[in-house]
Amino acid sequence: MENEAHSMSSDIGIGVNEKMVEALESSDNIPLLLTNSSSLKRTGTVWTAVAHIVTGVIGSGVLSLPWSTAQLGWFAGPLSIILIASITLFSSFLLCNTYRHPHPEHGPNRSASYLDVVHLHLGISNGRLSGLLVNISLYGFAIAFVITTAISLRTIQHSFCYHNKGSEASCEFADAYYMLLFGVIQIILSQIPNFHNIEWLSVVAAIMSFTYSFIGMGLSIAQIIEKGHAEGSIGGISTSSGTEKLWLVSQALGDISFSFPFSTIIMEIQDTLKSPPPENQTMKKASVIAVTVTTFMYLSCGGAGYAAFGDNTPGNLLTGFESSYWLVSFANVCIVVHLVGSYQVYCQPLFATVESWFRFNFPDSEFMNHTYILKLPLLPAFELNFLSLSFRTAYVASTVVIAMVFPYFNQILGVLGSMIFWPLTIYFPVEIYLNQSSTVPWTTKWVLLRTFSIFGFVFGLFTLTGCIKGIVAQKIG
């Protein structure tokens, strides 16, 4: 799924010289940046780009939006979603113009990935920094997937328990068991070579994400109709103190930021578009359509969830319904199916980066480079490499352990959204645009863009601080 893979570059993330590039180009398991994008046949249109963006953006983060709206209230909640959507759209416009270099429409050089364009315009140091941030975000997404899957599996178990034993029954299940089960599945799947290249995975993910989003929205609307009125208030959930409210607001804004992971996938999507018309024009149209659709979806889901539950809005929308147990269970099954595949989509680029680095630096190591053919009864033969087996197993195990130690859905999503929002959505796009356009310092455009970047930094710092505070408070509590 190219829109989720956030293709990693070995020479940016770790530091690769020209000889390593040549060595890696002979491998089947290399990051996108090292491929020859000029040889690709581009047939993408506005609508294929819209499909890539929407399926890449709408995911499990939508389930936290009712909780975010509840913290912010009926005025600030929808306004924050629209504001962050507008920032993301503006950032995408800046990046659209940097796909070709030096001219945004006729330049002969293309940037096939986000890391590619950072490296080209801002140099190797910034390239490595962006690579580090993207790798951290990929690792964080993996942790979030473990937590979300465990919550969904627990909710399914709860639904069947309450249905069979009654609403007064004691139906408590530990998330740790579900996390361990998910980890075992991912360890097995992570050994499958090129798992992230399975094209049908994108289609399945899109169907699953839209299904559970619409089910959550539909159940919320049904609950509003059943009650005969909408819950909620202008100021959102009341708290015991202003300080507590401030921290909850910061966590809510972090969750909303997590729901728009758009800027880091735009180069890969734009690299699929045919020309003429110029790719940047097509991408801008697609961005407007996709962000409009996504924002409408988020406003509807967030608003319906808050109107249904009011001050009792759960952190994960699909954990709040006690009726229609079969529909709730089906929606959570969709989440699990979505995240089982998405975990691999997000992790495989990082696997490729790390393993390529080890193989280049230790070319004579049999542990690093030798591949064994293993044949088990009743199963087809498959390749086994000890480096891949050990590293990928340790990687998956580490994400499960961290998720077990910090199983806090909203706060983890908020931390991830806060960490990547300013640097990857605002700072690097602004710096790249200023570099390519040769904007003169202290002109009106330069001052406005710098102000925009400073605002993003303050916003990201505020949300990150609040989310970390939330994790600490939850852990202590």
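This passage describes the overall fold, the nonpolar core, two helix pairs and several individual residues of one chain.

The model is a predicted one. The chain contains 16 helices and 4 strands. Of its 477 residues, 55% count as buried. Among contacts in the chain with a separation of 6 or more, 82% are accounted for by residues 24 or more positions apart.

An unreviewed UniProt entry lists several spans under "transmembrane region", namely residues 46–67, 73–96, 132–156, 176–193, 200–225, 288–309, 324–346 and 446–472. Two of these spans were examined in the model. Residues 132–156 are 100% helix and 0% strand, and the C-alpha atoms at the ends of the span lie 36 Å apart. Residues 288–309 are likewise 100% helix and 0% strand, with a distance of 32 Å between the end C-alpha atoms.

The largest nonpolar core comprises 113 residues. Within this core, the residues with the most contacts are Ile147, Tyr212, Met283, Tyr298 and Tyr343. The greatest contribution to the core comes from helix α6 (residues 114–165), which supplies 17 residues. One of the highly connected core residues, Met283, can be followed in more detail. When residues up to four places away in sequence are not counted, Met283 touches Ala49, Ile53, Cys96, Ile266, Ile269, Gln270 and Leu273.

Gln270, which is among the residues that Met283 touches, belongs to helix α10 (residues 266–270). The relative accessible area of Gln270 is 0%, and since buried means under 20%, this residue is buried. Apart from residues up to four places away in sequence, the contacts of Gln270 are with Cys96, Tyr99, Glu279, Asn280 and Met283. Cys96 thus appears in the contact list of Met283 and also in that of Gln270.

Two pairs of helices illustrate how elements of the chain pass one another. In the first pair, the axes of helix α7 (residues 175–189) and helix α14 (residues 386–405) come within 9 Å and cross at roughly 165°. Angles over 145 degrees count as roughly antiparallel, and α7 and α14 are therefore roughly antiparallel to each other. The contact is formed by Ala176, Met179, Leu180, Gly183, Gln186 and Ile187 on the α7 side, and by Thr393, Val396, Val400, Ala403 and Met404 on the α14 side. The crossing of α7 past α14 is right-handed.

In the second pair, the axes of helix α5 (residues 65–96) and α16 come within 13 Å, with a crossing angle of roughly 135°. This angle makes α5 oblique to α16. The crossing of α5 past α16 is left-handed. Ile84, Ile87, Phe90 and Leu94 of α5 meet Leu449, Phe452, Phe455 and Phe459 of α16.

Helix α16 (residues 444–476) also contains Ser453. This serine has a relative accessible area of 6% and is buried. With its neighbours within four places in sequence left aside, Ser453 is in contact with Trp422, Ile426 and Tyr427.

Another buried position is Phe309, whose relative accessibility is 9%. Phe309 lies in helix α11 (residues 279–309). Although Phe309 and Trp67 are 242 residues apart along the chain, their C-alpha atoms are separated by 9.4 Å. Phe309 touches Gln223, Lys227, Glu231, Pro314, Leu317, Gly320 and Phe321, when residues up to four places away in sequence are not counted.

Two residues in the loop between α15 and α16 were considered for their backbone angles. Ser438 is located in the loop that joins α15 (409–437) and α16. Its phi is positive, at about 50°, although Ser438 is not a glycine. The relative accessibility of Ser438 is 56%, and because exposed means over 50%, Ser438 counts as exposed. Trp442 is placed in the loop between α15 and α16. The phi of Trp442 is near 70°, a positive value in a residue other than glycine. Trp442 has a relative accessible area of 69% and is exposed. Ser438 and Trp442 are thus exposed, whereas Ser453 in helix α16 is buried.

Conventions:
Residues are numbered from 1 along each chain as its sequence is written. This is a predicted model: local features need pLDDT of at least 70, side-chain atom pairs count only at pLDDT 80 or more; totals for chains, interfaces and linings use all residues. Side-chain values use heavy atoms; hydrogens and water are left out. UniProt positions are given in the numbering used here, feature names are shortened, and annotations may be inferred rather than shown by experiment. A nonpolar core is a set of buried Ala, Val, Leu, Ile, Met, Phe, Trp, Tyr and Cys residues joined through side-chain atoms within 4.5 Å. Buried means under 20% relative accessible area, exposed over 50%, partly exposed in between (1.4 Å probe, protein chains only). Contact means heavy atoms within 4.5 Å. Axes are lines fitted to C-alpha atoms, for helices over the stretch in contact, and angles run from 0 to 180 degrees between N-to-C directions. Angles under 35 degrees count as roughly parallel, over 145 as roughly antiparallel, 65 to 115 as roughly perpendicular and the rest as oblique. A crossing is left-handed if the near helix is turned anticlockwise from the far one by less than a right angle, and right-handed if clockwise.
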